[in-house]
Amino acid sequence: MRCFRVLFVLSMFFAGALGCNKEQVPEGFPALAPCTITVTRAGTPQEGITVTLAPPQGNSPLAVAGKTNSQGVAKLNTIQGNYMQAGVPQGTYKVLVRKDIPFESKELSREEMKAMSAQELTAFEKEQEEARVQYEAERAKIVPPILSQPSSTPLTLDVNASGTSMTIDLSDYAK
């Protein structure tokens, strides 16, 4: 009996290790086409830029995104829940571009807040707001804010079955 248990446990382990436990394609998941977007600034590749495709109608259970590599190329993936696959469903999309940079804000403990006078607390809050404004200004130097919102981006992309690529030069959208 013990031998049977050991064999059963080993077979389950190997079945999982060999991929029998892979996530199933979600029902209704669309066919995908390869899609790459290259992001440059005055022709120089930009690394670490997040590119997202938003459907014009707004709501979708799918997310489509990618991050640029050192050559400025983002290979886009489609995500639904915990399932991700390379490529993009056919259709027309708004293209959103952003660069995430760390924002370091100081958090106060309750004890620190209680120990501060009203003036000190107001000065701290003002300092944090100025830091947030500076942070947004730094992000805007990297990616023009117009490209980060579906309501303002002028960028659209038509993805066809054979695949699509696009190049975005950020300097074309700088103020």
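1. Long-range contacts. In the protein chain, residues 24 or more positions apart account for 67% of the contacts with a separation of 6 or more. This is a predicted model. The chain carries 3 helices and 12 strands. Of its 175 residues, 27% count as buried.

2. The open sheet. Six strands line up in the order E8-E7-E5-E4-E10-E11. The sheet is open, and its pairing is antiparallel. Its edges are strand E8 (83-86) and strand E11 (156-159), each of which pairs on one side only. On average, neighbouring strands are turned by 30° against each other, direction ignored. As a reminder, strands of a sheet pair through backbone hydrogen bonds, either parallel or antiparallel.

3. The E7/E8 hairpin. Strand E7 covers residues 77-80 and runs antiparallel to E8, with 4 bridges joining the two. Follow the register from two pairs. Ile79 sits opposite Met84 in E8. Thr78 sits opposite Gln85 in E8. The two strands form a hairpin with 2 residues between them. Look at Gly81 in the turn: its phi is positive, about 60°.

4. Strand E4. How many residues of E4 are buried? The count is 4 of the 5, so the strand is largely enclosed by the rest of the structure. E4 has a partner on each side in the strand order, E5 and E10. With strand E5 (residues 63-67), E4 pairs in the antiparallel sense over 4 bridges. There, Thr52 has Ala65 as its bridge partner. With E10, the pairing is again antiparallel, over 5 bridges. On that side, Ala54 stands opposite Lys94.

5. The nonpolar core. The largest nonpolar core has 22 residues. Ile37, Leu53, Leu76, Val95 and Val97 have the most contacts inside it. Which elements give two or more residues to this core? They are strand E2 (35-41), strand E4 (50-54), strand E10 (91-98), E11 and strand E12 (164-169). E4, E10 and E11 also belong to the open sheet of point 2.

6. Val97 close up. Val97 is among the core residues with the most contacts inside the core. Set aside its neighbours within four places in sequence. Val97 is then in contact with Ile49, Thr50, Val143, Leu147, Ser148, Leu155, Ile168 and Leu170. Thr50 lies in E4 and Ile168 in E12, going by the residue ranges of those strands.

7. Thr156 on the edge strand. Thr156 lies in strand E11, an edge strand of the sheet. Not counting residues up to four places away in sequence, Thr156 touches Tyr93, Lys94, Val95 and Met166. Val95 is also one of the core residues with the most contacts inside the core. Lys94 is the residue that stands opposite Ala54. Thr156 and Met166 are 10 residues apart in sequence, and their C-alpha atoms are 9.8 Å apart in space.

8. The aromatic pair. The structure holds 1 aromatic pair. Why is the pair of Phe29 and Tyr83 described as edge-to-face? The ring centres are 5.1 Å apart and the planes stand at 85°. Planes over 60 degrees apart count as edge-to-face, which is why the pair gets that label. Phe29 sits in the loop between helix H1 (2-17) and strand E1 (32-33). Tyr83 sits in strand E8. The two are 54 residues apart, and the pair links distant parts of the chain. Both Phe29 and Tyr83 are buried.

9. Salt bridge within helix H3. The count of salt bridges comes to 2. One joins the side chains of Arg132 and Glu129, at 2.7 Å from N to O. Both residues lie in helix H3 (residues 118-142), 3 residues apart, about one turn of the helix. Are they buried or exposed? Arg132 counts as partly exposed at 37% relative accessibility. Glu129 also counts as partly exposed, at 40%.

10. Salt bridge between Glu112 and Lys106. Here the closest N and O atoms are 3.8 Å apart. The cut-off is 4 Å, so the pair counts as a salt bridge. Glu112 is partly exposed at 35% relative accessibility. Lys106 is partly exposed too, with a relative accessible area of 47%.

Technical notes
Residues are numbered from 1 along each chain as its sequence is written. This is a predicted model: local features need pLDDT of at least 70, side-chain atom pairs count only at pLDDT 80 or more; totals for chains, interfaces and linings use all residues. Side-chain values use heavy atoms; hydrogens and water are left out. Two strands pair if DSSP finds at least two bridges between them. Axes are lines fitted to C-alpha atoms, for helices over the stretch in contact, and angles run from 0 to 180 degrees between N-to-C directions. Buried means under 20% relative accessible area, exposed over 50%, partly exposed in between (1.4 Å probe, protein chains only). A nonpolar core is a set of buried Ala, Val, Leu, Ile, Met, Phe, Trp, Tyr and Cys residues joined through side-chain atoms within 4.5 Å. Contact means heavy atoms within 4.5 Å. Rings of Phe, Tyr and Trp (its six-membered ring) pair if their centres lie within 6.5 Å; planes under 30 degrees apart count as stacked, over 60 as edge-to-face and the rest as tilted.
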